[in-house]
Amino acid sequence: MDKKMDEIKEEIKIFKAQKYEDLEKFRIKFLGKKKGILTILFKELKTIPIYKRKLYGTIINDLKKKVQKKIQINNSKNFIKKENTLNFDSTVPGKSIDIGSIHPISILKNRIINIFRKIGFSYVEGPEIENDWHNFTALNFPIDHPSRDMQDTFFLHRNPDILLRTHTSSVQIRYMKKHCPPFRILSIGKVYRNETISSRSHFMFHQAECFSIDRKVSFSDLKKTIQYLIKSLFGEVKIRFRPSYFPFTEPSAEVDIYFKNKNNRGWLEIMGCGMIDPKVLKNVNIDSEIYSGFAFGVGIERIAILIYKINDIRLFFDNDIRFLRQFKSDF
């Protein structure tokens, strides 16, 4: 036992680490929890006669201190693990990472979807390239309606007429053809109209279309749904409904809100709405004697202009990073 202690003492004395791995192997060899030499010796003390146990315990403790001191001395050389070796100058300032943001139109789109999901509406989408039947005929547009003219609609093909949809109301037709009432549906997407581009108009914009079909749906249900949407987006504001005309709804109305800012105040139109015309229901094989429904459409850009106080609709499509950076707080 004495010879073994002397050998351990000598090995500790002559040890000198050249790298971090050498130091770690030395520590594990002597102080490892399971197979460390000194750990095993401490366990073997139980087998040594009591009168020798104190002496050997003192010797083993002394060896442990020598190992710890050796590790401390060698560790002062600041050995670094290979996997943490720095291959660059750590004093050089780091590169900044630009945090992106969701586009303002997408922010409002997501908000509107969440608003309507809370009251049981499902979200669906439809194709942007449509045919005449889904975009006009099934929605009760007369054959001589101005919107069917080339100067108002982007036609991709004539006879048969294939076009870029002028509204998301075409989603109504597609959904109602394949499903039986009752249902509550919201659809949002791009629509296209042959308009002159200016600060207030664009040939493309995003429209949210909302429609509900069930037994005994009334104009009162329509008003309450629109009031819920406007209050969720704008807070407490004045709302008014003005009689209007749309081929696919009867009765129909325009919805205005009373909006004011530093420069001006007054009534602003934000959407059209109405009760779905029985002819439209007939076109999709829904019995208007049993079911009724409402629908309304609102331009996302128009809402964004009011909420974010933007004076030029073209900013939404210019991809100017200076403009888009302003919406990081909504991310």
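Take Leu41 as a way in: in this predicted model, its relative accessibility is just 1%. Buried here means under 20%, so Leu41 counts as buried. As for where Leu41 sits, look at helix 3, which runs over residues 37-44.

Now jump from Leu41 to Pro251. The two are 210 residues apart in sequence, and going from C-alpha to C-alpha you cover 96 Å in space. Keep that distance in mind while looking at the overall dimensions. Along its principal axes, the chain's C-alpha atoms fill a box of roughly 115 × 50 × 45 Å. The radius of gyration tells its own part of the story: the chain has 38 Å, whereas a compact globule of 331 residues would come out near 20 Å.

What is the chain built from? Eleven helices and ten strands, with helix 3 and its Leu41 being one place to start tracing them. How much of the chain is buried? The share is 41% of the 331 residues, and Leu41 belongs on the buried side of that split.

The contacts are worth a look too. Count the ones in the chain with a separation of 6 or more, and 66% of them turn out to link residues 24 or more positions apart.

That leaves the outside and the charges. About 20300 Å² of the chain is exposed, and carbon and sulfur atoms supply 52% of that area. On the charge side, the chain carries 59 positive and 38 negative charges. Average the positions of each set, and the two mean positions end up 13 Å apart.

Note on methods: Residues are numbered from 1 along each chain as its sequence is written. This is a predicted model: local features need pLDDT of at least 70, side-chain atom pairs count only at pLDDT 80 or more; totals for chains, interfaces and linings use all residues. Side-chain values use heavy atoms; hydrogens and water are left out. Helices (H or I, at least four residues) and strands (E, at least two) are DSSP runs, numbered from the N terminus. The radius of gyration is taken over C-alpha atoms; the globule rule is 2.2 Å times the number of residues to the power 0.38. Buried means under 20% relative accessible area, exposed over 50%, partly exposed in between (1.4 Å probe, protein chains only). Contact means heavy atoms within 4.5 Å. Accessible areas come from the Shrake-Rupley method with a 1.4 Å probe; for residues, only the protein chains shown count as cover. Lys and Arg count as positive and Asp and Glu as negative; His and the chain ends are not counted. The place of a charge is taken as NZ of Lys, CZ of Arg, CG of Asp or CD of Glu.
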